[in-house]
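Student: I have a structure open and would like to go through it with you. Can we take the contact between chains, then the rings, then the cysteines?

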Amino acid sequence: MAAIFQGVGAAAALSSLPSNSFDSKNFLFSPRRSFSVRKAPSFVVVRSDGTMNLDLNPKGRRAQQFIANAVTTKEDSSAASSFSKPGNELLLFEALREGLEEEMERDPRVCVMGEDVGHYGGSYKVTKGLAKKFGDLRVLDTPIAENSFTGMGIGAAMTGLRPVVEGMNMGFLLLAFNQISNNCGMLHYTSGGQFTIPIVIRGPGGVGRQLGAEHSQRLESYFQSIPGIQMVACSTPYNAKGLMKAAIRSENPVILFEHVLLYNLKERIPDEDYICNLEEAEMVRPGEHVTILTYSRMRYHVMQAAKTLVNKGYDPEVIDIRSLKPFDLYTIGNSVKKTHRVLIVEECMRTGGIGASLTAAITENFHDYLDAPIICLSSQDVPTPYAGTLEEWTVVQPAQIVAAVEQLCQ
Amino acid sequence: MVLGRAFEDKCAKMYYDRKMLGFVHLYNGQEAVSTGFIRLLKQQDSIVCTYRDHVQALSKGLSARAVMSELLGKATGCCRGQGGSMHIFSRKHNMLGRFAFIGEGIPIATGAAFTSKYKREVLKEADCGHVSLTFFGDGTCNNGQFYECLNMAALWKLPIVFVVENNLWAIGMSHLRATSVPQIYKKGPAFGMPGVHVDGMDVLKVREVAKEAIGRARRGEGPTLVECETYRFRGHSLADPDKLRDPAEKAHYAARDPITALKKYLIENSLANEADLKAIDKR
């Protein structure tokens, strides 16, 4: 697909703007609409860290946004300065819960369904306390029947509710593939646009700590071809809450990928109501020499490698793509045009992963701007082993990232 | 029922004339089930079917023109030509779809029933007691989603009626060769809901059972499983040579054609006369 996507054009709903009204219609992403709706060059870029700038050149911001270490503690000056209140510090799973709770308070049609989400509070505590607050019907404990309760969520979405379906582990959603592909993805189209499916499907995926092959899967690569769905991956408490809220408010089916190992990340997030644009990538560290595209947990391996790279004199630009479907080719493209070198670091398998699609998309659209072939570092095409040392080797490590950048920048 | 029969016959003609392509599954012979149930519903009640249900759509209120246009892939079709024969939807008439894969509509109907319960208990909306009906065949009754939904519907007492159109054949697979316990209605009590068997060729009997089941659901008493014994006069789809079915079996059921049966009943009981019935045919 050779469309260059202006991801930022649709959203300007951060709380630093005076009128905080959000119109969910702005986010209607219709697969049938052509992508030729593009605004003139004068626009506002709203960054996910809260700062706004009226042009695309982030040079001036670089020093301010440099992230010195791989942990998400942004300097207070960059994130909190745009907000009047001090914000509160919380863990990623708490941020998800806060987002979910706020949306449930805001709209009584928002409900949660999944295994152990109610009385148990969710196996990763994302829904802890919600059943007590909202009742057993709004936070529904389902039997172990993924295909059917996902289908039930879709039927509920068609008839007026806004369900959030939790897959206890994303891998379990393999059992719901029938419903996700045929109904969630395609029903809006096959019904000729009559029905929308405002459903959010979320859950933890990715390689954890010795969870074994079946609990360590990356479903984003399997779902990415399904027409009609939108996929996002969160990586920090800030974007976790923002993406959760945006996904719930969206009229489209959104799959929100969380990562098992990121739930305990801590960050200070604003008190105000905010959302993150579902189709926008996040600039983590601006740079000049090479564009590193990543998402979810690999963001932290990349930032760790970035430390080493900076010491060696490199200046990598790190972008957390966040939007897995569709790609924010606008932000990505601008970066490629600047650095001319691309490294993709992902946790998906080598074959058929998000990185593979991203490589194709960049090659198709920005081939002329590349000075070197795109390097894509992915997990090995093997089932994730149980043994820790073996598991480590199937996933991309910071040392490999450093080596790849050195190779790219020769 | 007559409209349905005429519609289906017209579909067949267009298919053989190559004006209609793809998979088309006709309903001839099963009209009693559709009419018996759907005519008792309000507009806000939802129905979900599998692919054999042009007639359900007509019963629910979609215009024949919209459905036929859809089958011909026209933009004026009810789904703008995007769905086709196996995907008829109508938001206005709450027809939540026909689905190509068997079984995948059942959770959708369960979801619609869940919304109805949610609206009543959480949103406290007045005048909801909307019922959801899901139609599917004997083949689907061996599929996981069927059982998963029977469980959830009974567990939460959802306002849904599961209607099995047992026409004894799943393409070329006889129901008896595929099912360990062929009496499908017996599976209801296993999940805690009543299971009823009815002669699906007799529209008045179907209506009796339907009234009871829909009433139960509306009152909040929970789901019902209704097995309608019926038969399709034509093959599985218009592409099916239909060689496996025994002609004697076909003849047996042809004698119980629901339309002729109702005609006979109306005349015998002086509810209508020949002239009235001819007028319906003309329309």
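Student: What area is buried between chain B and chain A?
Tutor: About 3000 Å² is buried between chain B and chain A, and carbon and sulfur atoms give 64% of that area. Keep in mind that this is a predicted model.

Student: How many residues does the contact take from chain B and from chain A?
Tutor: Chain B puts in 34 residues and chain A puts in 36 residues.

Student: And how many salt bridges are there between chain B and chain A?
Tutor: The count is zero salt bridges between chain B and chain A. There are 13 residue pairs in polar contact across that interface, with both residues at pLDDT 80 or more.

Student: Which parts of chain B supply at least two residues each to the side that touches chain A?
Tutor: Strand S2, helix H5 (105-121) and helix H6 (144-155) of chain B each do so. H5(B) gives the most to that side, with 11 residues.

Student: Changing topic: how many aromatic pairs are there over all chains?
Tutor: The count comes to 10 aromatic pairs over all chains. One of them is A:Phe177 with A:Phe223, a tilted pair at 5.1 Å centre to centre and 50° between the planes.

Student: What does that pair tie together?
Tutor: A:Phe177 lies in helix H6 (residues 177-185) of chain A and A:Phe223 in helix H8 (residues 220-223) of chain A, so the pair ties together parts that are 46 residues apart in sequence.

Student: Is A:Phe223 buried or exposed?
Tutor: A:Phe223 is buried, at 0% relative accessibility. A:Phe177 is partly exposed, with a relative accessible area of 26%.

Student: What kind of pair do B:Phe89 and B:Phe99 form?
Tutor: B:Phe89 and B:Phe99 are edge-to-face, 5.9 Å centre to centre with 80° between the planes. B:Phe89 sits in the loop between helix H4 (64-71) and strand S2 (95-99) of chain B, and B:Phe99 is in strand S2 of chain B, so this pair ties together parts 10 residues apart in sequence. B:Phe89 is buried at 1% relative accessibility, and B:Phe99 is buried at 2%.

Student: Which residues do ring pairs link into a cluster?
Tutor: The cluster is made up of B:Phe136, B:Phe146, B:Tyr147 and B:Phe191.

Student: Last topic, cysteines. How many disulfides are there over all chains?
Tutor: There are zero disulfides over all chains.

Student: Why is there no bond from A:Cys184 to A:Cys111?
Tutor: The closest cysteine sulfur to that of A:Cys184 is in A:Cys111, 14 Å away, which is too far for a bond. A:Cys184 is buried, with a relative accessible area of 1%.

Key:
Residues numbered from 1 in each chain as written. Chains lettered and ligands numbered in written order. Predicted model: local features only at pLDDT ≥ 70, side-chain atom pairs only at ≥ 80, totals over all residues. Heavy atoms only, no water. Phe/Tyr/Trp six-rings, centres within 6.5 Å; stacked < 30°, edge-to-face > 60°. Helix = DSSP H or I, 4+ residues; strand = E, 2+ residues; numbered from the N terminus. Buried < 20%, exposed > 50% of the residue type's maximum accessible area, 1.4 Å probe, protein only. Disulfide = S-S within 2.5 Å. Contact = heavy atoms within 4.5 Å. Buried area = accessible area lost by both parts, 1.4 Å probe. Salt bridge = Lys/Arg side-chain N within 4 Å of Asp/Glu carboxyl O. Polar contact = N/O pair within 3.5 Å; in protein donor to acceptor, adjacent residues only side chain to side chain.
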